[in-house]
Amino acid sequence: MADNKSCKNDKAEMKESTAGRTDNLPAAEEPNVSIGQAAEPTNDYEKERDRLAPISKVRKESYLAKDVADLLIQQIGLELNNQYLYYNFGIWCDIQSLFGQAEYFYHRAREEHDHAQWIIDYLTQADFLFSIPGTDAHYIDIYKGKKELTTKDPHDEVLIREIETTRSINNIKAVTEETHDYITGHWLRQLLLEQAEEEELSHTALDIFDHTNDPLIVDKYFKDVVMAQLKAQKGK
């Protein structure tokens, strides 16, 4: 059984290990229909703050800053990739007769779908034409080179994914401030609060492994404790 200090060190190391995975966003030529690719800034944001400046064509089409919209579209792809990964973890648990954890991962997958839908709804509300980016759902290697998975492995990967997702959303929030897109910055508050809960849940899910690695005890914990709490929260 690991002590609390060791657990904190493990979590700190895990967070550090994700550095660089979301630091650099891919660049591409600006498409006719936005597909969430990074683009050169298209607005003169200082001029936008001038009440007497001419209104740009981009502004007439949507109140969204183009650079922010492209990052939001990328975020849709990230949420959907998480969704499919979590579904695959659920399937693996089902096959292993770990039904409590299977239900947990299916729940997490639906949450990721909901987050993607929130962003889609926001972009369409802003009359921003876009295409949903492709996902890697056609092939997801949940083993990552391992011959077998332990019961803990999927939970480790979920925590890493959620830390990356938090960083990505924080980056979008920073860009809304740079581009003076305060409407989107305010809207992101809902997603940021939800993401804080998701990351904390991922930490909590790993806590059981500090006490036992018995797969049946772990699964009973997810069924009787974790899922009961999630259902109670959803009922509020």
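This is a conversation between a student and a tutor about how the labels put on this predicted model are justified.

Student: What should I keep in mind about the model and its numbering before we start?

Tutor: The model is predicted, so local features need pLDDT of at least 70 and side-chain atom pairs count only at pLDDT 80 or more, while totals for chains, interfaces and linings use all residues. Residues are numbered from 1 along each chain as its sequence is written, and side-chain values use heavy atoms, with hydrogens and water left out.

Student: How many helices and strands does the chain have, and what makes a stretch count as one or the other?

Tutor: Helices are DSSP runs of H or I with at least four residues, strands are runs of E with at least two, and both are numbered from the N terminus. On that basis the chain has eight helices and zero strands, and the order from the N terminus is α-α-α-α-α-α-α-α.

Student: How do you know that helix α4 has the length expected of a helix?

Tutor: The expected span is 1.5 Å times one less than the number of residues. Helix α4 covers residues 66–95, and its 30 residues should span 44 Å; the end C-alpha atoms are 44 Å apart, so the two agree. Helix α6 passes too, because its 26 residues should span 38 Å and its end C-alpha atoms are 38 Å apart.

Student: Why is R108 called buried?

Tutor: Buried means under 20% relative accessible area, exposed means over 50%, and partly exposed lies in between, using a 1.4 Å probe and protein chains only. R108 is at 1% relative accessibility, so it counts as buried. It sits in helix α5, residues 99–125. Y122 is in helix α5 as well, and at 3% it is also buried.

Student: What makes D94 and S97 partly exposed?

Tutor: D94 has a relative accessible area of 29% and S97 has 42%, so both values fall between the two cut-offs. D94 is found in helix α4, whereas S97 is in the loop between α4 and α5.

Student: Why is α4 described as largely enclosed?

Tutor: Of the 30 residues of α4, 24 are buried, so the rest of the structure largely encloses this helix. Helix α6 is mostly covered, with 19 of its 26 residues buried. For the whole chain, buried residues make up 45% of the 236 residues.

Student: What does R108 contact, and what makes a pair of residues a contact?

Tutor: Contact means heavy atoms within 4.5 Å. Leaving aside neighbours within four places in sequence, R108 is in contact with Y86, V158, E162, E198, L201 and S202. With the same kind of exclusion, Y122 touches Y63, L64, L72, I183, T184 and W187. The C-alpha atoms of Y122 and T184 are separated by 8.8 Å, although the two are 62 residues apart along the chain. D94, again without its neighbours within four places, contacts F99, A102 and Y106.

Student: Why are α5 and α7 called roughly antiparallel?

Tutor: Axes are lines fitted to C-alpha atoms, for helices over the stretch in contact, and angles between N-to-C directions run from 0 to 180 degrees. Angles under 35 degrees count as roughly parallel, over 145 as roughly antiparallel, 65 to 115 as roughly perpendicular and the rest as oblique. The axes of α5 and helix α7 (residues 182–207) come within 12 Å and cross at roughly 170°, so the pair is roughly antiparallel. Residues that make this contact include R108 and Y122 of α5 and T184 and E198 of α7. By class they divide into nine nonpolar, four polar and five charged, where Ala, Val, Leu, Ile, Met, Phe, Trp, Tyr, Cys and Pro are nonpolar, Asp, Glu, Lys and Arg are charged, and the others, Gly among them, are polar.

Student: How do you know that α4 and α6 are roughly antiparallel?

Tutor: They pack at about 170° with their axes 10 Å apart, and the angle is over 145, so they are roughly antiparallel. Their contact has 13 nonpolar, seven polar and five charged residues.

Student: What is the phi of S97, and what of H180?

Tutor: Phi of S97 is near 60°, a positive value in a residue other than glycine. Phi of H180 is also near 60°, again positive in a residue other than glycine. S97 comes just after α4, while H180 is in the loop between α6 (153–178) and α7.
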